[in-house]
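Please open the structure in a viewer with both the cartoon and the side chains available. The tour below proceeds by selection, with a short account of what is found at each stop.

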Amino acid sequence: MATEVIMPKAGMAMEEGTVVKWLKKEGETVEKGEPLLEIITDKVNMEIEAEISGTLLKILADEGEVLPVMTVIGYIGAPGEALPEEKNAPSTASETVVQSNPEAKAPVSGADLAADEATTGFEGGLRATPASRKLAREAGIALSRVAGTGPKGRIQKSDVEAYLADEGSAESTHVSALAKRISDAEGIDLSQVKGTGHAGKVMSRDVMNILDGTLSRQAEASDTVAANDSYVEPLSSVRKVIAKRMTESFFTAPTFTLNIDVDMTEAAALRERVKPRILAATGYKVTYTDIIVLMTAQALKKFPAVNASLVEGGIEYHNRVHVGIAVGKPEGLVVPVLKNADQMKLESIVSASKELIEKANKNKLKPDDMSGSTFTVSNLGMYGISHFNPIINQPNSAILGVSAIIDKVVAVNGEPCVRPMMTLSLTIDHRVVDGAPGAAFMQYLKQLLEDPYGLL
Amino acid sequence: MKEMTYAEAIRAAMSEEMRRDPDVIFMGEDIGLYGGAFGVSVGMFEEFGPDRVRDTPISEAVIAGAAAGAAVTGMRPIAELMFMDFSTIAMDSLVNQAAKMRYMFGGKAKVPMVLRCPAGSGTGAAAQHSQSLEAWFCHVPGLKVVTPSTPADAKGLLKAAIRDDNPVVFVEQKLLYRQKGMVPEEDDFILEIGKADIKREGSDVTVVVYGRMLQRALEAAEIVAKEGIDVEVVDPMTLVPLDKETIINSVKKTGRAIVVNEAVKTGGYAGEIAAVIAESDAFDYLDAPVLRLAGKDVPIPYNPDLEKAVVPSVNEIADAIRTVMNR
């Protein structure tokens with residue numbers, strides 16, 4: 001019996017994933033635990049390992065395809081082994097059964113229904129609840145066009161309802177799910193695309209044909225200008241996610257940034273004082289980021305407005321403080337989340353954040369490690385940056401930018417004095433927080449860092 | 001309305017009917033002077049005397065036989081089996097005599113008897129004193145089977161059972177005896193046999209449940225309500241004749257059904273209710289398989305932890321609800 005490869009549910013919030021790349025081809029052998037393919041969720045890129053050893057018999061999901069979790073995307077088994085009949089009816093299923101008779105869309109006849117159902121689904125038909133069958137019958141649509149989201153890909157009544165709603169919005173154009181996603185992403189007007197699928201359904205290949213034409217024209221144009229002055233690297237999946245989220249945040253939130261200079265003399269002394277003890281206890285060196293996260297978490301407890309999210313119907317004030325820590329990697333930025341940071345002692349913050357950063361560097365972060373932040377800290381101090389305006393990590397209402405600690409001459413009691421100074425920059429979503437409370441938060445955070453014993 | 005326990009409601013129903021109709025008599029083991037093994041009949045011996053409240057020998061065969069005989073000759077006996085488990089010994093009189101007479105005598109005989117059967121686990125009484133055997137009686141045409149789950153239901157249905165001209169097996173759950181509830185005090189408070197009650201209205205899932213599982217189903221409904229699942233709880237109250245219409249209409253509304261009972265799953269009445277739903281016109285409305293949640297297929301263990309584990313818990317009911325909602 002061939003074993004299913006499924007789109008995993010890699011986190012509580014994960015509903016769908018994109019197949020980025022298959023690392024094995026059909027017919028290749030895989031060992032248990034060997035990376036099989038790469039997927040991306042809305043938060044993270046990850047490799048899926050083979051659960052058993054065998055031959056990759058069949059790949060059911062194309063690269064770039066977005067599928068609900070638990071969808072069967074391939075099979076592993078013995079060479080030549082017969083595959084079970086397809087259990088799911090995801091977007092691909094409807095594509096595999098189309099005949100190339102591009103006739104105008106006509107109401108589906110009973111024969112169509114029968115033909116459609118006979119060619120897809122599990123043994124003896126299609127896995128669908130009685131309620132979904134009744135609705136499909138009444139609406140005159142073939143169930144094979146509907147992607148099931150129930151257990152084992154079962155089509156639920158809600159799936160048929162969603163299909164009908166989609167169909168209405170797409171002005172009755174038949175479009176495969178994949179084709180729709182590609183055209184949405186590339187801004188192609190579907191009404192201009194001639195469908196070659198069953199009953200004129202627009203398939204992904206139709207959209208790709210149009211897209212290829214456009215791209216090759218663009219390529220020709222650019223070729224004539226400059227052949228070798230630059231090169232285009234296709235957006236990686238991580239970059240795409242970053243681009244999307246940052247754009248959304250930047251263009252939806254009216255922001256402003258508050259900068260404040262902090263004298264880090266006492267914080268530095270504190271760090272030196274606790275360093276050996278924390279190193280002995282955790283095996284990690286305490287960093288300034290750790291101390292800043294500790295103080296920030298405490299300050300957030302006192303200023304709930306900064307630890308909030310704009311949600312539909314109001315502002316959600318979080319009772320818990322989950323601090324996201326921005327970690328830069330060559331492929332792009334990730335933000336693992338330190339949960340309940342306000343409940344943690346410095347020692348716990350050190351060990352928990354180091355573990356998260358190690359995971360980030362080894363690409364081992366799970367979506368759950370990266371969800372639920374209520375506030376984010378971004379430190380660029382190691383590059384000597386003096387101040388910057390970070391972009392808010394939505395749905396947070398604010399983000400703290402941490403710059404370098406630089407020895408500067410400052411006036412202390414009227415005398416010039418060299419002190420280790422650091423600038424903190426708080427970018428605020430003005431829809432949620434006004435200037436005064438944001439400034440008060442920064443003032444308090446400055447106080448905590450300049451007089452850490454005040455916390456005692 | 002007056003707050004009383006399930007046991008008090010049963011006593012009230014019997015006493016009211018005995019005051020109203022001199023033909024109503026009550027018999028069973030230790031129900032007289034002692035007031036019943038569970039204290040249900042305390043004070044009745046004093047009120048009605050030894051002729052109408054009769055202690056019997058420890059013989060369920062005698063109890064059921066005497067009740068059937070008295071009923072067919074004009075009395076309206078209420079007979080109590082101390083434990084439903086010992087209905088095994090009463091079976092012949094009940095199944096081959098009481099249930100058959102009206103049919104075999106072409107309607108000339110009637111058998112207006114009530115057999116009260118304390119049933120169910122949860123009292124630490126082990127395998128021979130804890131069973132829920134209602135499915136056996138549901139399988140015998142000629143018997144009515146009633147399973148009240150609240151004090152008010154117990155009173156209204158027992159009065160209806162006493163007034164009914166057919167043999168009624170009245171299943172009481174021992175663990176419900178101390179449960180309190182508001183009960184109408186009127187003499188004419190009667191609940192129709194064969195009528196289900198919607199104990200909680202909802203739109204997402206129908207839970208059909210009777211006996212002490214009702215309370216658990218209601219608790220589970222409150223838990224999943226916080227997750228946005230709106231549960232309808234239907235209590236059939238009478239298993240035979242079953243109010244199919246109410247159940248089917250509810251499932252047509254919600255599209256999902258779970259049947260819960262304490263009795264063991266295999267061959268249990270939950271299966272019958274599930275089948276009624278599946279073969280009805282509610283079929284086309286089903287958006288999930290019909291689930292049964294019932295006792296494990298084992299004798300009730302004496303170990304208190306195991307005893308709790310073999311019957312459906314609030315969490316198991318909540319989980320089943322999430323399962324049919326694909327959550």
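Begin with chain A as a whole: of its 456 residues, 46% are buried, where buried denotes under 20% relative accessible area, exposed over 50%, and partly exposed anything in between (1.4 Å probe, protein chains only). The model is predicted, so that local features need pLDDT of at least 70 and side-chain atom pairs count only at pLDDT 80 or more, while totals for chains, interfaces and linings use all residues. Residues are numbered from 1 along each chain as its sequence is written, chains are lettered from A and ligands numbered from 1 in the order in which they are written, and side-chain values use heavy atoms, with hydrogens and water left out.

**Chain A in cartoon**

Colour chain A by secondary structure; eleven helices and 18 strands should appear. Helices (H or I, at least four residues) and strands (E, at least two) are DSSP runs numbered from the N terminus. Of the contacts in chain A between residues at least 6 apart in sequence, 62% join residues at least 24 apart, a contact being heavy atoms within 4.5 Å.

**A:Glu38**

Select A:Glu38 next, in strand β4 (residues 35–40) of chain A. Which side chain of opposite charge is nearest to A:Glu38? It is that of A:Lys21, 4.8 Å away, and the buried A:Glu38 has no salt bridge. For a salt bridge, a side-chain nitrogen of Lys or Arg must lie within 4 Å of a carboxyl oxygen of Asp or Glu; as to charge, Lys and Arg count as positive and Asp and Glu as negative, with His and the chain ends not counted. Leaving aside residues up to four places away in sequence, the residues that A:Glu38 touches include A:Val19, A:Leu23, A:Asn45 and A:Met46.

**The interface of chains A and B**

Now display both chains. Twelve residues of chain A and nine residues of chain B make up the contact. On chain A, the greatest losses of area to chain B fall on A:Pro130, A:Lys134 and A:Gln156, together 53% of what that side buries. The two chains bury about 760 Å² between them, with 47% of it on carbon and sulfur atoms; buried area is the accessible area (1.4 Å probe) that two parts lose on being put together, summed over both.

Select A:Arg137 and B:Asp284, whose side chains form a salt bridge (3.6 Å, N to O). The rule finds one salt bridge across this interface. Helices α3 (130–139) and α4 (157–169) of chain A are the elements that give two or more residues to the side touching chain B, and α3(A) gives the most, with five residues.

**Cis peptide bonds**

Move to A:Gln394 and A:Pro395, joined by a cis peptide bond with omega near 10°. A:Pro395 belongs to the loop between β16 (375–379) and β17 (398–412) of chain A. In chain B, select B:Val240 and B:Pro241, where the peptide bond is also cis, omega being about -5°. B:Pro241 is in the loop between β12 (238–240) and α9 (244–254) of chain B.

**Positive phi**

Most residues other than glycine have a negative phi, and most peptide bonds are trans. Select A:Asn413, which is not a glycine but has a positive phi of about 50°. A:Asn413 sits in the loop between β17 and β18 (415–429) of chain A and is exposed, with a relative accessible area of 77%. Finish at B:Asn326, again not a glycine, with a positive phi of about 55°. B:Asn326 lies in the segment after α12 (314–324) of chain B and is partly exposed, at 31% relative accessibility.
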